[in-house]
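Biologist: Before we discuss any details, could you put the sequence and the structure in front of us? I would then like to go through the packing with you, one question at a time.

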Amino acid sequence: MNKEKIHVYLMPGMAASPKIFENIKLPEDQFEIHLLEWVLPLENELLSDYASRMCKYINHDKVVLLGVSFGGVLVQEMCQFINVKKLIIVSSVKTKQELPKRMLIAKATKAYKLIPTQLAGNIDVFAKYAFGSNVTKRLELYKKYLSVNNPKYLDWAIENMVCWNQETYNPDIVHIHGDNDPVFPIKNISNCITIKGGTHIMIINKYKWFNENLPKIILDH
């Protein structure tokens, strides 16, 4: 009997394109991958309203939702509107308590409003903010993967990441995190599958681990 495939929807991180998933391959007889991408937010749109709007791109029932970084925050919000088979976040946070101190300070002082997102066209500046200060030598890589440079989107995304207020998390969530993540340091993260040597962009450079382990993680009830 032909077993129905499991539909896996992948959401990239802040300003990133679905190209970050280009090396993610799951057995095609069991899984079908669907790539989500950022749409521009409406004026002053709440994250929950944006998440509800994103759900219209989910065309199947009981899907697996996987989000990276800010995309991991978004998929948690989307789960309030749809039933999922499995919720997976990568290089992300489950609650505001897991945010790094610099983001909490930025929230308290509203310093996030000073980030020059108008310079987003200048990918070098934005890549340093999004991926940490040691990216210069890998800039070409980021130019390939950062696709959204609309200042309105960036202002909205940074504010919603820094000011995310979630206190508790879904106990069934699967959190995969690198022990060398400079954006969301592992010391603030609880209850996760830890990838040794994994950085904030491990979905790109440790894709073999994901290809090997995701099927098992998804099928494990």
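**Packing, strands and rings**

Modeller: Let us start with Leu10, which, leaving out residues up to four places away in sequence, touches Phe21, Ile24, Ile33, His34, Leu35, Leu36 and Leu66. Please keep in mind that this is a predicted model.

Biologist: At what relative accessibility does Leu10 count as buried?

Modeller: Leu10 has its place in strand S1, and its C-alpha atom is separated by 5.9 Å from that of Gly67, although the two residues are 57 residues apart along the chain. Since buried means under 20% relative accessible area, Leu10 counts as buried because its relative accessibility is 2%.

Biologist: Which element supplies the largest share of the largest nonpolar core?

Modeller: That core has 42 residues, and those with the most contacts inside it include Trp38, Leu74 and Tyr153. At least two residues each come from strand S1 (6-11), helix H1 (47-54), strand S3 (63-68), helix H2 (70-78), strand S4 (84-90), helix H3 (101-109) and helix H6 (151-162). The largest share, seven residues, comes from H6.

Biologist: Which residues does Leu74 touch, not counting those up to four places away in sequence?

Modeller: Leu74 is one of the residues with the most contacts inside the largest core. With residues up to four places away in sequence not counted, the residues that Leu74 touches are Met11, Trp38, Leu47, Tyr50, Ala51 and Met54.

Biologist: How many residues does the other core have, the one that lies apart from it?

Modeller: Leu10, the residue with which we began, is among the members of that other core, as are Ala16, Val90 and Ile195. The number of residues in this other core is 26.

Biologist: How far does the backbone oxygen of Ser69 lie from a polar atom of the side chain of Ser92?

Modeller: Ser92 lies in the loop between S4 and H3, and counts as buried because its relative accessibility is 0%. Leaving aside neighbours within four places in sequence, Ser92 is in contact with Ser69, Gly72, Val73, His175, His177, Phe184 and Ile189. Between the backbone oxygen of Ser69 and that side-chain polar atom of Ser92, the distance is 2.7 Å.

Biologist: Which residue stands opposite Ile176 in S6?

Modeller: Strand S5 (residues 174-178) is mostly covered, with five of its five residues buried; Val174, Ile176 and Gly178 point one way, whereas His175 and His177 point the other way. S4 and S5 run parallel and are joined by three bridges, with Ile89 opposite His175 in S5. S5 also pairs in the parallel sense, over three bridges, with strand S6 (residues 193-195), where the residue opposite Ile176 is Ile193.

Biologist: Why is the pair of Trp38 and Tyr153 tilted?

Modeller: The count of aromatic pairs comes to seven. In the pair of Trp38 and Tyr153 the ring centres are 5.5 Å apart, and because planes under 30 degrees apart count as stacked and those over 60 as edge-to-face, the angle that makes this pair tilted is 55°.

Biologist: How many residues apart in sequence are the parts that this pair ties together?

Modeller: Trp38 and Tyr153 are both buried, and ring pairs link them with Tyr50, Phe70 and Trp156 into a cluster. Trp38 lies in the loop between strand S2 (31-35) and H1, while Tyr153 lies in helix H6, so the parts that the pair ties together are apart in sequence by 115 residues.

How values were computed
Residues are numbered from 1 along each chain as its sequence is written. This is a predicted model: local features need pLDDT of at least 70, side-chain atom pairs count only at pLDDT 80 or more; totals for chains, interfaces and linings use all residues. Side-chain values use heavy atoms; hydrogens and water are left out. A nonpolar core is a set of buried Ala, Val, Leu, Ile, Met, Phe, Trp, Tyr and Cys residues joined through side-chain atoms within 4.5 Å. Buried means under 20% relative accessible area, exposed over 50%, partly exposed in between (1.4 Å probe, protein chains only). Helices (H or I, at least four residues) and strands (E, at least two) are DSSP runs, numbered from the N terminus. Contact means heavy atoms within 4.5 Å. A polar contact is a pair of N or O atoms within 3.5 Å; within protein, one must be able to donate a hydrogen and the other to accept it, and residues adjacent in sequence count only if both atoms are side-chain atoms. Two strands pair if DSSP finds at least two bridges between them. Rings of Phe, Tyr and Trp (its six-membered ring) pair if their centres lie within 6.5 Å; planes under 30 degrees apart count as stacked, over 60 as edge-to-face and the rest as tilted.
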